[in-house]
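Got your viewer open? Let's walk through this model stop by stop, picking what to select as we go.

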Amino acid sequence: MQATNISLDNASDRAGRDELVPSRYALRIGEIDVLVVSDGVLPLPTTMLGYNAEPTVRAAWMHDMFLPPDAFDWALNVVLVRSGGQTILIDAGLGADPELNLPRAGQTIRRLEAAGIDLGAVTDVVLTHMHMDHVGGLLVEGVKERLRPDLRIHVAAAEVKFWESPDFSRTSMPQGFPDALRSAAKRFAREYQSQLRLFDDEQQVAPGIFVRRTGGHTPGHSVVRIASGGDALTFAGDAVFAVGFDQPGWYNGFEHDPEEAARVRIRLLRELAATGELLVATHMPFPSIGHVAIAGDTFRWVPTFWDF
Ligand SMILES: [Zn+2]
């Protein structure tokens, strides 16, 4: 893994000079350029981390992590990849939803531009799932018009089907979220219908880039594996959260099938611990690049050292 020096760099920034911390991190996986971009953060109640956990155990975990007890800022990351002449955006961030009042997220489009990425250069979008914090960036006013008319949007067929009549009975979300998620997914499916490229279980998107359905978080939830020249990185979407290493069995409030989501998480973490491949996940602290280690019965997150 080495830092890249093409336009996906970490330094120069045209639109974001006022930002105190960098919002993107570039690396190379073999021949493939990868850019992790922060969409910002969104504050959520800590119960969301594990609503099946004993409140005292959950409070102890927060305390041990030096996090506030009631609510904290979740990271929100997307990934841009260049391979074989294709430019692939993996997830699109939150976009704008004034009703939920999450003004610190929804930065993806602006930050891609700051990184010199023209929206019209994006050939493919891959969606890990259709929750608003993953598709909302494409619903921002004026964005669709700037995308290529032949843009391909890869998403699991099971995901599109799920949102025709979504089941929220096993989720535990803050008020307002189910309605917002429902309407964002429906709007997305409607607006981008002709561009959707559906797959059942696995799909090659570009040389070295495969999207694979895991289910769990949502029925069509998928992860993306980027592999080249002996290196590999998996973008896990919402299969793994920051708490998922210490407490892989905790149910996240946004999981539509929490038991299956926990099984998916444990399987994926075991796999990554065994292979030593890199992990990036949507809601892991930016830049969210690291390895997974086994720690007794659970796991340990080992962030990579910044390389720039
Ligand atoms: Zn999410």
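Which residues is T234 in contact with, leaving aside its neighbours within four places in sequence? Select T234 in strand β11, residues 231-235. This is a predicted model, so keep that in mind at each stop. Leaving out neighbours within four places in sequence, the contacts of T234 are V223, V224, R225, L268, L272, E277, L278, L279 and V280. Show the surface as well: T234 has 4% relative accessibility, so T234 counts as buried.

**The zinc site**

Now select the zinc ion. Its coordinating residues are D133 (OD), H134 (NE2), D238 (OD) and H283 (NE2), at 2.1 to 2.2 Å. Along the chain, the donors are spaced as D-H-x103-D-x44-H. Colour D133 and H283 to see what this does: D133 sits in helix α3 (residues 132-135) and H283 in the loop between β12 (278-280) and β13 (290-295), so the pair ties together parts that are 150 residues apart in sequence. D133 and H283 are both buried.

Try the angle tool here too. The 4 donor atoms make angles of 85 to 166°, and the site of the zinc ion is irregular. For reference, ideal angles for four tetrahedral donors are 109.5 degrees.

**The cavity beside two of the donors**

Stay with D133 and H283, and switch on cavities. The structure holds 2 cavities of 30 Å³ or more, and the largest cavity has about 110 Å³ of space. Its lining is made of 13 residues, and those nearest its centre are L42, D133, F177, F254 and H283. So two of the zinc ligands turn up again here: D133 and H283. By element, β2, α3 and α6 each give at least two residues to the lining of the largest cavity.

**The largest pocket**

Next, switch from cavities to pockets. The largest pocket has a volume of about 450 Å³. It is lined by 28 residues, and A75, H283, M284, P285 and F286 are the closest to its centre. Select β2, β3 and β14 (298-303) to see the elements that give two or more residues to this lining. β3 gives the most to the lining of the largest pocket, with 6 residues.

**A loop with unusual backbone**

From F286, step along the chain. F286 and P287 are joined by a cis peptide bond, with omega about 0°, and P287 is in the loop between β12 and β13. Then select S288, in the loop between β12 and β13. S288 is not a glycine, yet its phi is positive, about 65°. Most residues other than glycine have a negative phi, and most peptide bonds are trans. With a relative accessible area of 1%, S288 is buried.

For a second positive phi, jump to F66, in the loop between α1 and β3. F66 is not a glycine either, and its phi is about 60°. Is F66 buried or exposed? At 78% relative accessibility, F66 counts as exposed.

**The nonpolar cores**

Time to go inside. Which residues of the largest nonpolar core touch the most other members? Select W74, M130 and F188, which do so among the 57 residues of this core. Elements that each supply at least two residues of the core include β2 (32-45), α1 (55-64), β3 (71-83), α2 (108-114) and α6 (177-191). The largest share, 7 residues, comes from α6.

Zoom in on M130. Not counting residues up to four places away in sequence, M130 touches V135, V155, E159, V160, W163, A185, F188 and A189. Another core of 24 residues lies apart from the largest one, with I88, V126, V224 and I289 among its members. You have met V224 already, as a contact of T234.

**Last stop: V140**

Finish with V140, in the loop between α3 and α4 (143-146). V140 has a relative accessible area of 29% and is partly exposed. Leaving aside neighbours within four places in sequence, V140 is in contact with G95 and A96. Add D97 and draw a distance: V140 and D97 are 9.1 Å apart in space, C-alpha to C-alpha, and 43 residues apart in sequence.

Conventions. Residues numbered from 1 in each chain as written. Predicted model: local features only at pLDDT ≥ 70, side-chain atom pairs only at ≥ 80, totals over all residues. Heavy atoms only, no water. Donors = N, O, S within 2.8 Å, 3.2 Å for Na, K, Ca; no water. Tetrahedral: all angles 85-135°; square planar, octahedral: opposite > 155°, others 65-115°. Helix = DSSP H or I, 4+ residues; strand = E, 2+ residues; numbered from the N terminus. Buried < 20%, exposed > 50% of the residue type's maximum accessible area, 1.4 Å probe, protein only. Core = buried A, V, L, I, M, F, W, Y, C linked by side-chain atoms within 4.5 Å. Contact = heavy atoms within 4.5 Å. 1 Å grid on protein atoms, 1.4 Å probe; cavity = no way out; pocket = protein on both sides within 12 Å on 5 of 7 lines; lining within 4 Å. Points joined across faces, edges and corners; volume = space filled by probe spheres on them.
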